[in-house]
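Work through these exercises with the structure in view. Try each task before reading its solution.

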Amino acid sequence: MYQYDTFDHQLLADRVAEFSDQVDRRLSGALTEDQFRPLRLMNGLYLEMHAYMLRVAIPYGVLSSRQLRGLAAVARTWDKGYGHFTTRQNIQFNWPRLTDVPQILQALADVEMHAIQTSGACIRNVTIDPFAGVAGDEIADPRPWAEIIRQWSTLHPEFAFLPRKFKIAISGAIEDRAAVRFHDIGLRVIRNDAGDLGFRVWVGGGLGRTPRVARELREFLPAAQILGYLEAALRVYNLHGRRDNKYKARIKILVDEIGIEAYRDQVEAEWHAAGGPTLEVPEAEIARVADFFAAPDYANLPDATVELARWRAADSGFDAWATHNILTHRAPGYAAVTISLKPVGGIPGDITADQMEAVADLADRYSLGELRATKEQNLVLPNVRQDQLHALWSALRSLDLETANKGRITDIISCPGQDYCSLANARSIPVAQEISRRFADRRRLDTLGPITLNVSGCINACGHHHVGNIGLLGVDKRGAEAYQLVLGGDAGEADASVAQITGRAMTAEEAVDAVEVAAAVYLDRRQDAETFIQTFRRIGVTPFKEAIDAAR
Amino acid sequence: MTKQIVTASRLADGRVLFRAPEGWSTDIRDALMFTPDEAAAAVARAQGEPTRVVGAYAVDVDDAGLPLLGRERIRVFGPTVAPYSQVEA
Amino acid sequence: MPLVKLTSTGALSAPVADWPLLAEDADVPPSGPVLVPLATWLAGRETLKNRPDTGVWLAAGDDATALGADLPAVVAVRFAAFTDGRGYSQARLLRERLGFAGELRAVGDVLIDQARFLGRSGFDAFQVAEGTDLVHFEAALGRFSVVYQSAADRATPVIALRHPLHRSAAE
């Protein structure tokens, strides 16, 4: 994992001092709210319905046990004893006091954490595959590049007041687990024929009011040239992105309006004028950063096939958990374990301070001190010995964190919705909880197989419903909560698609029933071992629409 | 005639406040009821307290003084879901 | 509104009077001090460039690189709203692409808390609101001793500090 050097620490110290000063000046009235708002947003501090909300960055989702304990301490000391993992690999606290935020930032800085640029019209947290460094299908580890981009984008003076937020994602594996085509810039790591490392660059993807699949900006960019290229891409966006309408200010709209060719021409021209291919991250720095992400000293182990079979046979609970929550590791004898934060009837992504501390201990004991936060709002222990899986599972059980539903229909991704967010049109958590209860049965989960289900409380789509195999969108129907069901979204690079509307908005009860109907249609119509999304792609939305209408 | 209350966020901690006879209260039962014109004036006056409150606005309420809109009721009573429910009740 | 300038020591000068911005379709006054719009400058460059008290101001949507060679002694970039960040790119292009070495002023909606971003983007003069606490402004300018990226200023980015023998054109 990346370790701060004196420079990194100094920057955070300066930042904490700066924001503390800004808070003082706001409290004294020297700064008006209009002046303070963009400053606090650049520090991830929202003013929400009930209280302030602080969004703490978990850079590219990688977290040490020490940092997780630090987050637990923040939750306990300055909040209400819990935190919420987000769909962008960050964590949110819902109840901090403005007057405490300087101290919170100091406590975070002590464990090399911060809230810089987790909001505002600037470059946000770079997100990646949560199994980076351990996945069997990895081409190259995206983490060093995420760290290099993180530093370059932090307090970048030219891009502090972009037309709108800017989100970057990186995928380093064959399967895209970072949704690169739904970001402002998506990078997929590739090697050219000569074996050189580079990126395929996607631009103009996004969700919200105008979901878009990204277009290819560049087929191959040598990896070391990434910062110069990003700077050109951002500069063109900064100068030409729309600023007249908040809902048309993302780069996807610019690319729509001028066309990908024109945008590419401008980026390439700007990049070349600045030095083009001569602008490279020094090899020494690439090597320095990559070093932090070198594979740990894995023990020389065989796969624990026999033990696993024995444990599975002895305990159906363990069997289910091993089936769903374990990912094959590139190191033999190891596994990457997903800790689902979606217990039956629970709030997706929420975790108590006590659980955070316990999970930190588990990370130390079973995962070489490292964790990941995923955009599905779960946690991952990336380095677990297979021969310790049963012990880990038992420990998770005692914490009510053994829910065996990773990637299944009850692994629901949900924004906080109207219970917390002033932008929302409807509540999302209660709907997620009801779906979670309806589909809790283990056999049912198995039968339905992999399904992504996303709930957004409004069209801003923070729940990513556009890319859910099943998505629910909260709308306002004459002052009442209502939900639109969408089907057929897919976030992966290869089959990137936006979900389709199935009909008019429904009550929460009707919406949950409609999800049941959709599941039934799938089971009825699937062929061979088709997953939900494969069946959907084959038969289209009409059979689902008809069944849902008929059921109403 | 529409009745309204005036609400804002306390600058120091972001907590929900209601315009009350003596300034601001966190308890909705203390909230003053206004006509829309009176509420608008109260909202304008709140601009004069920038180090105390932020984001003041008027909310339509029923005869009991409770907000009509679901969103506003959630703001008054808090999230409808337990803050840290991790286990099925 | 008063103008303060960055001196070579990094301190701010005492406020001086700023030059007025000429409206877009107005006639150029016979003498300055005045800042003329870009289009006006481009049309009348031959004569205007000989006037030491006449400079150019850029609106947020102007193409800074249109100034080309033959640069005035003073360029002002106008921030109509402090949330409109185009001026930062314009400033960097002026400094780094056109090699502008004159006085680069940030005028309009300029806030103390943007001082560091403005300074790093190449501005060395700032229009401040009446009553601005200049002590704070100066503090804000010098706030960050560490920078991660190179920009228009002289600050050495961290990568270069980490690897002193491996400086490259951009980090």
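## Exercise 1: chain B and its neighbours

Chain B has 2 helices and 4 strands, where helices (H or I, at least four residues) and strands (E, at least two) are DSSP runs numbered from the N terminus. This is a predicted model, in which local features need pLDDT of at least 70 and side-chain atom pairs count only at pLDDT 80 or more, while totals for chains, interfaces and linings use all residues. Residues are numbered from 1 along each chain as its sequence is written, chains are lettered from A and ligands numbered from 1 in the order in which they are written, and side-chain values use heavy atoms, with hydrogens and water left out.

Task: describe the layout of chain B, then find out which chains touch.

Solution.
1. Read chain B from the N terminus: the order is β-β-β-α-β-α.
2. Take its extent: the C-alpha trace of chain B spans about 45 × 35 × 20 Å along its principal axes.
3. Look for contact, meaning heavy atoms within 4.5 Å. Chains B and C do not touch, and their nearest C-alpha atoms are 19 Å apart.
4. Of the 2 pairs of chains that touch, A and C have the most contacts.

## Exercise 2: where chain A meets chain B

Task: characterise the interface of chains A and B.

Solution.
1. Count residues: chain A gives 41 and chain B gives 27.
2. Take the buried area, the accessible area (1.4 Å probe) that two parts lose on being put together, summed over both. It is about 2,700 Å², with 56% on carbon and sulfur atoms.
3. Find the main contributors in chain A: A:R26, A:M49 and A:H50 lose the most area to chain B, together 19% of what that side buries.
4. Search for salt bridges (a side-chain nitrogen of Lys or Arg within 4 Å of a carboxyl oxygen of Asp or Glu). The rule finds 0 across this interface.
5. Name the elements: α1 (6-28), β13 (350-352) and α14 (429-438) of chain A each give two or more residues to the side that touches chain B. α14(A) gives the most, with 4 residues.

## Exercise 3: two helices of chain A

Task: how do α1(A) and α4(A) pack, and at what angle?

Solution.
1. Fit the axes as lines to C-alpha atoms, for helices over the stretch in contact; angles run from 0 to 180 degrees between N-to-C directions.
2. α1(A) and α4(A) (residues 101-110) pack at about 175 degrees, with axes 9 Å apart.
3. Angles over 145 degrees count as roughly antiparallel, so α1(A) is roughly antiparallel to α4(A).
4. List the residues: A:L12, A:V16, A:F19, A:S20 and A:V23 of α1(A) meet A:V101, A:P102, A:L105, A:Q106 and A:A109 of α4(A).

Notes: Angles under 35 degrees count as roughly parallel, over 145 as roughly antiparallel, 65 to 115 as roughly perpendicular and the rest as oblique.
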